[in-house]
Every structure is written in structure tokens, then in C-alpha cells.
Amino acid sequence: LEERPDVDFAFQAGLPERFLERLRSADSSLPNIGDGGIETQGTARWQTNGLTLNLAGRFRDVRVDWPDQPTLRPLSGSYALKLTDRALEVAGELAVGPVAVPYTVKAYPAEGAGQFSVALDQVFSVPLFSGVLEDWDASFEMTAGSLQGSVQGRWTGAGSLQYEGALALNRGAARYGDYEATGVDTSLKVSGVDARLVLSDGALGIASVDAGFPITHVRGRYRLEQNPVRGWLALHGFQAKLLGGNVRIDEAHIDLESLSGDLPVVLDGLALQELLALEGDDISGSGVLDGLLPVSVEQGAVRIRDGALSARAPGGIIRISDSFNAPTGQPGLDFAIQALADFSYSELSALVNYAPDGALLLGVTLKGSNPAVENGRAIHYNLNVSEHIPSLFESLQADKLITDRVERKVERLSLIH
């Protein structure tokens, strides 16, 4: 066969609106693609061993909508393609929102097999998830960080797809509603076969969470598995510091389909002084608390049934402010309030129940005395204390905003003077 000269060419084209619609009628797993454009240039060479086609160019604003998956924002990027009689090779960069991913693909059409790889090395300081996904619920967002990782995969003529890799996030910042987390670090391994996804050896660290009060030194490990039938998340050895003590979850499993599971939360060495400070300046105290909260998640709603808190020996002190000491005209209530003005307790325990609507109910048992009341005779309280936790957290966040604004004004005034 005679070799023929190279043919050079260049063109621009737009992708027809949803040009895979007909294909998807036969295979619903294929995506809708359209709305974008392609710019390319290349050469075609016919040799004795067949045709070699080289293309290079860019694509812009291409929409790829996978069935039953979140909608990606338009894709842009570059490609360099080589087609021979045996193989198709493509390399380039794919960009969506703030993320740009280098990729390579090599396919062998005759065998129905191939391989691919993607790499990630990205620093971002803009919202990540809503930058990549159009319909993302912005109540949770990664707002800054550094992403690194790679994934390699292969498919065979039998129609099986396998992949594996590793991902890491460093120096991340996140937001969930009004809560903010900084110093977020996580690493994990990724693997999968067809529609089965496994995230294993996951390690998470968070330097600080602002929930109206600080939660620090969050650490733990996790594993996630997802397949077409079910998915689950496992937590191992999670712990954090808050309210002067420690909290931990040794083991927990959450079903991702029903968003249900049990999370036994162990409290160790909480400072009563810091816990009472959440209620404001009208009540203060001292002592150290331990406890167990059997937290359950049911269809995404959080509940606690019959949790328990107790104070360590030898007890501590509870004081309420003078604003509570005004007479009520009810002798029993006036006596109880008077004794709590300076109450030394030897025993303090609480039964804890929390409802999905945010209502917290504490059944408190308190034993001790006030030296100034009835010559310090022993007093035994049984109290029911209720609180709406979402409203409390909103109040804490509002107080923090006011404090932050005042501090910023003081800093500016200091700079002026």
C-alpha cells in the first residue's frame, strides 16, 4: 500500500443539544452531553499499517448530566488525542468550577478494554462543592484548603470497571450552617468495582469547631461503602475536647440509605463551670462531670434516650445570682432558690433525654447544703430542667457575633490612637 501525505486541519464546532439522547434510550447509564463547543486542530496520516490521527484542542462549557446524580457545572478543558488502528490515547486537563484535574485515557477498542488515571493538586479559597455542583445544598460547604490525590482505573471486555487511589485534604476550612471548622485534615483510600465504592483507611482531624463554644482536637477514623443496594459509614475512635473535658465515640455505624444508626457518646471530665456558662451569668458552679449519651439517628433526626451524667466526688458548688432571689410568694420555691444561692453539693446526677425537635429534658438529682440556710442541714433536690438546644446555639452564635464586632471596633480604635 502506498503511503499518503499528511493532512492538516483545524475546526470549531458546537455540541448538538443532548446528542446522546438516542443512545441513552438504549443505555440509561449514559449521560446527557451538550451545550458546549470544541476547538481542535490536528493531522491525519495514512501509512501502510493504517491511519494515524492526531488531534489537540480545547472544549468549553460542556454539560455532562449523569442519570440520578448531582448536576455538574459546565466542564472546560484541553485534550491531546492519538488514534491508531489499535488504540485511542487521550491526555489533557478537565476543569469544573475551582477544580482542574489532569487526566489520561488509553483504550483498546478491539479488546473492549482500557485504562485511565486522574491526578489532583489544587489549592482553593472559594466554595468548593457549590462551585462544582449546581444543585448543592450550600448549608454545608468547604471554603478553603489544599487537595491532593490520584486515581487509576481499568475496564475489561467483560464490562467490569475497577479503580483505586488516594485523596487528601490539608489546611481545610468548612462551614455547616452557622458552625465553622478550621484546620481540617483528612486522608483516605479510594477503591471500587463497577457501582461499588469504598472509602477506606479514612483519617480525620479538625483543629477547631466554632459551635458558639470551642470544640478542639477532633480526631477519628472512618470507612464508607456504597453500592446500588445500600451504603454505610463506620466511625472508629473519634474524640474531641470541649467544655474543659473530652468526648469520644469508640464505634458507630450509620446506614446511609435510611440515615439511621447509633452513636454512643462518652463524656469524660467536663467542667461544670464551663457547662453552666452556656446559660449566661445568672448561674455558676464548679465540679467535674462524666457521662454516657446513647445518641441515635433515625431518618436523619437526632435523639437521646436515658442518657446519664454524674459529678465526680467530692462534688462542688452551685451559685445562682441575686436576680433569682426575689420572693415569689411560694414558701417551698423561695426556700429552694435561697439554698441555691451558695449550694455545696456532694452528689449531682442527671437523666438526659433529647427529642428530634431540639427539646432537651434533664432530670436532675442534687444533694448537699447551704451553710447559711437552716444551719447547713442536708437538702435533696429533684429538678426538671428543660432547654431548646437549637435556640441556645443560636443565642451563643449571636453573642459571639456581637463580641467579635466589639473586639474589631476596639482593635480599630487602638490602631487610630
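Confidence in this predicted model averages a pLDDT of 85 over the protein chain, and 82% of the residues score at least 70. The chain has 417 residues, of which 35% count as buried. Its secondary structure comes to five helices and 23 strands, so strands and their pairing are a good place to start looking.

**Where to read with care**

- Residues 22-27 keep a pLDDT under 50, and the model gives them five contacts beyond four places in sequence.
- Residues 401-417 also stay under 50, here with zero contacts beyond four places in sequence.
- Where pLDDT is low, the predicted coordinates should not be read in detail.

**The chain as a whole**

- Taking contacts between residues at least 6 apart in sequence, 48% join residues at least 24 apart.
- About 24,100 Å² of the protein chain is exposed, and carbon and sulfur atoms supply 57% of that area.

**Strands β13, β14 and β15**

- Strand β13 (residues 214-226) runs antiparallel to strand β14 (residues 231-242), joined by nine bridges.
- Within this pair, I215 stands opposite L242 of β14.
- The two strands form a hairpin with four residues between them.
- On to the next partner: β14 is also joined to strand β15 (residues 245-255), by ten bridges in the antiparallel sense.
- W232 has D255 of β15 as its bridge partner.
- The hairpin of β14 and β15 has two residues between the strands, and L243 in the turn has a positive phi of about 50°.

**Strands β16, β18 and β19**

- Strand β16 (residues 260-271) pairs with strand β18 (residues 288-298) over nine antiparallel bridges.
- Here L263 stands opposite V295 in β18.
- β18 also pairs with strand β19 (residues 301-311), running antiparallel with eight bridges.
- L289 stands opposite A311 in β19.
- Two residues lie between β18 and β19 in their hairpin, where Q299 takes a positive phi near 55°.

**Salt bridges**

- The structure holds 15 salt bridges. Side chains of opposite charge can pair when their charged atoms come close.
- R63 and E134 form one of them, with their closest N and O atoms 2.9 Å apart. R63 lies in strand β4 (residues 50-65) and E134 in the loop between α2 (129-132) and β9, so this pair ties together parts that are 71 residues apart in sequence.
- R63 is buried, at a relative accessible area of 16%, whereas E134 is partly exposed at 34%.
- R312 forms a salt bridge with D268, again with the closest N and O atoms 2.9 Å apart. Because R312 sits in the loop between β19 and β20 (316-320) and D268 in strand β16, the pair ties together parts that are 44 residues apart in sequence.
- R312 is partly exposed, with a relative accessible area of 38%, and D268 counts as partly exposed at 32%.
- R305 and E298 form a salt bridge too, their closest N and O atoms being 2.9 Å apart. R305 counts as partly exposed at 44% relative accessibility, as does E298 at 32%.
- R196, R223 and E225 are joined into one network by salt bridges that share partners.

**A nonpolar patch on the surface**

- W136, F140 and Y176 make a nonpolar surface patch of about 310 Å².
- F140 is found in strand β9 (residues 140-155) and is partly exposed, with a relative accessible area of 32%.

Notes: Residues numbered from 1 in each chain as written. Predicted model: local features only at pLDDT ≥ 70, side-chain atom pairs only at ≥ 80, totals over all residues. Heavy atoms only, no water. pLDDT = per-residue confidence, 0-100. Contact = heavy atoms within 4.5 Å. Pairing = 2+ DSSP bridges. Buried < 20%, exposed > 50% of the residue type's maximum accessible area, 1.4 Å probe, protein only. Areas by Shrake-Rupley, 256 points an atom, 1.4 Å probe, with all protein chains shown as cover. Patch = residues over 30% accessible without salt bridge, like charges linked within 9 Å, V, L, I, M, F, W, Y side chains within 5 Å. Salt bridge = Lys/Arg side-chain N within 4 Å of Asp/Glu carboxyl O.
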